[in-house]
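Here is my note on the model you sent round. Keep the structure open while you read, and look up each residue as it comes.

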Amino acid sequence: MDSINKKISVIVGAMIILVTFTACTLNLGLFEAGYRFNGSNIDYSKTKTIQIEEFPIRASYVWGPMAGIFNNKLKDEFASHTRLQQVKRNGDLKIEGEISQYQQRNKSVSAEGSSALVELTMTVNVRFTNNVKHEEDFERSFSSAKSYDSRLSLNSVQEQLVTEMTEDIVDQIFNATVANW
């Protein structure tokens with residue numbers, strides 16, 4: 001029984017250490033840039049501000065609340081995962097663009113020959129300017145797609161799916177801009 005208690009203690013101790021390390025920021029003096037376990041890779045001695053423009057909807061199909069959901073999530077992501085100060089103009093980093101595509105299409109057919117799944121896709125075009133290191137500038141599109149049962153109306157699932165796609169696209173943008181993945 002004593003060896004079982006020792007094994008349990010070792011496993012619990014290892015789990016505590018693992019949780020502690022994954023929740024911390026690594027800053028050993030050598031890493032003045034502020035490397036974090038959440039993926040941000042910013043040299044805060046040179047890069048202090050970020051300018052995030054509002055992304056308008058330029059897609060042919062429009063769902064009104066989508067722009068607000070996207071813009072708020074994008075700004076929140078940078079506010080909660082970096083120490084960058086968000087500014088209205090002249091940011092060290094600048095993110096701008098538009099929601100360029102929002103569409104649905106039939107994804108699969110049922111045995112009866114009718115649509116079984118519908119896929120909803122959202123695409124965002126992003127222009128990133130790094131005024132500290134212009135070699136990192138880019139213009140690129142980021143997309144996400146989610147499927148739903150065709151027996152459901154788009155109105156009944158739209159908010160949830162747009163929120164999920166927004167989270168996915170914002171993660172992609174974050175990784176491409178400040179995590180350099």
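1. Start with a polar contact. Which backbone nitrogen does the side chain of Q51 reach? The side chain of Q51 reaches the nitrogen of N90, at 3.0 Å. A second reach, to the backbone oxygen of K88, spans 3.5 Å. Keep in mind throughout that this is a predicted model.

2. Now place Q51. The residue belongs to strand β1. Q51 counts as buried because its relative accessibility is 6%, and buried means under 20%. Leaving out residues up to four places away in sequence, Q51 touches V87, K88, R89, N90, G91, L93, K94 and I95. Both polar partners, K88 and N90, appear in that list.

3. Look along β1 next. In a regular strand, side chains alternate between the two faces of the sheet. Here T49 and Q51 point one way, while I50 and I52 point the other way. All four of these residues are buried. So on β1, neither direction leads to an exposed side chain among these residues.

4. What does β1 pair with, and in which sense? Its partner is strand β2, residues 85–86, and the sense is parallel. The pairing runs over 2 bridges. In one of them, T49 of β1 has Q85 of β2 as its partner.

5. Step back to the whole chain. The chain has 3 helices and 5 strands. Read from the N terminus, their order is α-β-α-β-β-β-β-α. The chain holds 181 residues, and 35% of them count as buried. About 10,900 Å² is exposed, with carbon and sulfur atoms supplying 53% of that area. Take contacts between residues at least 6 apart in sequence: 66% of them join residues at least 24 apart.

6. Turn to the aromatic rings. How many aromatic pairs does a search of the whole structure find? The search finds 5. One of them is formed by Y61 and Y102, and this pair is stacked. The centres lie 5.4 Å apart, with 15° between the planes. That pair links distant parts of the chain, 41 residues apart. Y61 sits in the loop between β1 (49–52) and α2 (65–81), whereas Y102 sits in strand β3, residues 93–109.

7. Is each partner of that pair buried or partly exposed? Y102 has a relative accessible area of 2%, so Y102 is buried. Y61 has 34% relative accessibility, so Y61 counts as partly exposed.

8. Check the other rings too. F128, F138 and F142 form one aromatic cluster. F138 also has a charge over its ring: the charged end of R140 sits there, 4.2 Å from the ring centre. Y44 has a charge over its ring as well, with the charged end of R83 at 3.9 Å from the centre.

9. Finish with L117, found in strand β4, residues 115–130. L117 counts as partly exposed because its relative accessibility is 32%. From L117 to N106 is 11 residues in sequence and 6.1 Å in space, C-alpha to C-alpha. Setting aside neighbours within four places in sequence, L117 is in contact with R105, N106, K107 and S108, and also with S147, Y148, D149 and S150.

Conventions. Residues are numbered from 1 along each chain as its sequence is written. This is a predicted model: local features need pLDDT of at least 70, side-chain atom pairs count only at pLDDT 80 or more; totals for chains, interfaces and linings use all residues. Side-chain values use heavy atoms; hydrogens and water are left out. Helices (H or I, at least four residues) and strands (E, at least two) are DSSP runs, numbered from the N terminus. Buried means under 20% relative accessible area, exposed over 50%, partly exposed in between (1.4 Å probe, protein chains only). Contact means heavy atoms within 4.5 Å. Accessible areas come from the Shrake-Rupley method with a 1.4 Å probe; for residues, only the protein chains shown count as cover. Rings of Phe, Tyr and Trp (its six-membered ring) pair if their centres lie within 6.5 Å; planes under 30 degrees apart count as stacked, over 60 as edge-to-face and the rest as tilted. A charge sits over a ring if NZ of Lys or CZ of Arg is within 6 Å of the ring centre and within 35 degrees of the ring normal. A polar contact is a pair of N or O atoms within 3.5 Å; within protein, one must be able to donate a hydrogen and the other to accept it, and residues adjacent in sequence count only if both atoms are side-chain atoms. Two strands pair if DSSP finds at least two bridges between them.
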